[in-house]
Amino acid sequence: MYFNSDLPGENIQGKSHSLNIARAPQDEIYSATWDAPLPSTRSQSLDAPGRPVGQKIYQAIQDLMVGQWPDEDRRWKALQDYYFNAIRDCDLRVQSVLDILKQNDMEKIPLSFSMLIMVSWQGIISCEAREQLLIDNKIIFRS
């Protein structure tokens with residue numbers, strides 16, 4: 001969330017911020033890059049007609065907290081890759097919890113825990129595949 005988009009040795013975003021901004025972890029999950037286009041609206045002015053004023057306020061707060069980003073494709077692409085990899089990292093951690101539950105014959109867990117997993121888990125696999133995985137692990141039941 002607080003992603004440093006500066007290149008090594010560069011200090012543009014990092015020269016004025018109030019929160020620690022880190023780079024992506026140096027591991028296999030976060031080294032992946034994705035061939036996904038940047039949103040077509042990413043360069044749209046925050047003052048454009050129809051834009052909620054809250055978006056401009058949010059961006060001003062973000063600039064103070066984690067530094068101002070120059071509007072460069074490279075930075076936005078790095079953030080997008082980081083975001084996709086963070087989702088993938090979360091998916092793998094949820095899968096490890098499911099695997100441990102299954103290995104310990106704990107497939108039938110309390111509904112409150114299974115609902116937490118379903119609500120929190122926003123992975124890059126399709127909703128249908130995620131639902132089937134949860135059904136296969138007896139975490140949710142099809143009626």
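Start by selecting helix 3 and colouring R75, Q80, D81, Y82, N85, I87, D89, D91, V94, L98 and L101: these residues of the helix are buried. Keep in mind as you look around that this is a predicted model.

**Along helix 3**

Now show the whole helix, residues 73-103. Its 31 residues reach 45 Å from the first C-alpha to the last, close to the 45 Å expected at 1.5 Å a residue. While the buried residues are still coloured, one point about helices may help: an α-helix has 3.6 residues a turn, so residues three or four places apart point the same way. Next, step just past the end of helix 3 and click on D105, which takes a positive phi of about 50°.

**R42 and its two partners**

Go to R42, in the loop between helix 1 (28-31) and helix 2 (53-66). Which residues does R42 pair with in salt bridges? One is D71, with the closest N and O atoms 2.3 Å apart. D71 sits in the loop between helix 2 and helix 3, 29 residues away from R42, and the pair links distant parts of the chain. The other is D73, where the closest N and O atoms are 1.9 Å apart. Because R42 lies in a loop and D73 in helix 3, this pair ties together parts that are 31 residues apart in sequence.

Is R42 buried or exposed? Neither: R42 counts as partly exposed because its relative accessibility is 22%, and buried means under 20%. D73 is also partly exposed, with a relative accessible area of 47%.

**A network of charges**

Select E72 and R74 next. They form a salt bridge, and their closest N and O atoms are 3.6 Å apart. R74 is partly exposed at 32% relative accessibility, and E72 is partly exposed with a relative accessible area of 31%. Add D6, E10 and R75 to your selection: salt bridges that share partners join these with E72 and R74 into one network. R75 was also among the buried residues of helix 3 that you coloured at the start. Across the whole structure, a search finds 10 salt bridges.

**The second largest pocket**

For the last stop, show F3, N4, R23, A24 and A78, the lining residues that lie nearest the centre of the second largest pocket. About 370 Å³ of space lies in this pocket, and 20 residues line it. Where does the largest share of the lining come from? From helix 3, with 5 residues; helix 1 also supplies at least two. Colour the lining by class and you will find 9 nonpolar, 6 polar and 5 charged residues.

Methods:
Residues numbered from 1 in each chain as written. Predicted model: local features only at pLDDT ≥ 70, side-chain atom pairs only at ≥ 80, totals over all residues. Heavy atoms only, no water. Helix = DSSP H or I, 4+ residues; strand = E, 2+ residues; numbered from the N terminus. Expected span 1.5 Å × (residues − 1). Buried < 20%, exposed > 50% of the residue type's maximum accessible area, 1.4 Å probe, protein only. Salt bridge = Lys/Arg side-chain N within 4 Å of Asp/Glu carboxyl O. 1 Å grid on protein atoms, 1.4 Å probe; cavity = no way out; pocket = protein on both sides within 12 Å on 5 of 7 lines; lining within 4 Å. Points joined across faces, edges and corners; volume = space filled by probe spheres on them. Nonpolar A, V, L, I, M, F, W, Y, C, P; charged D, E, K, R; others polar.
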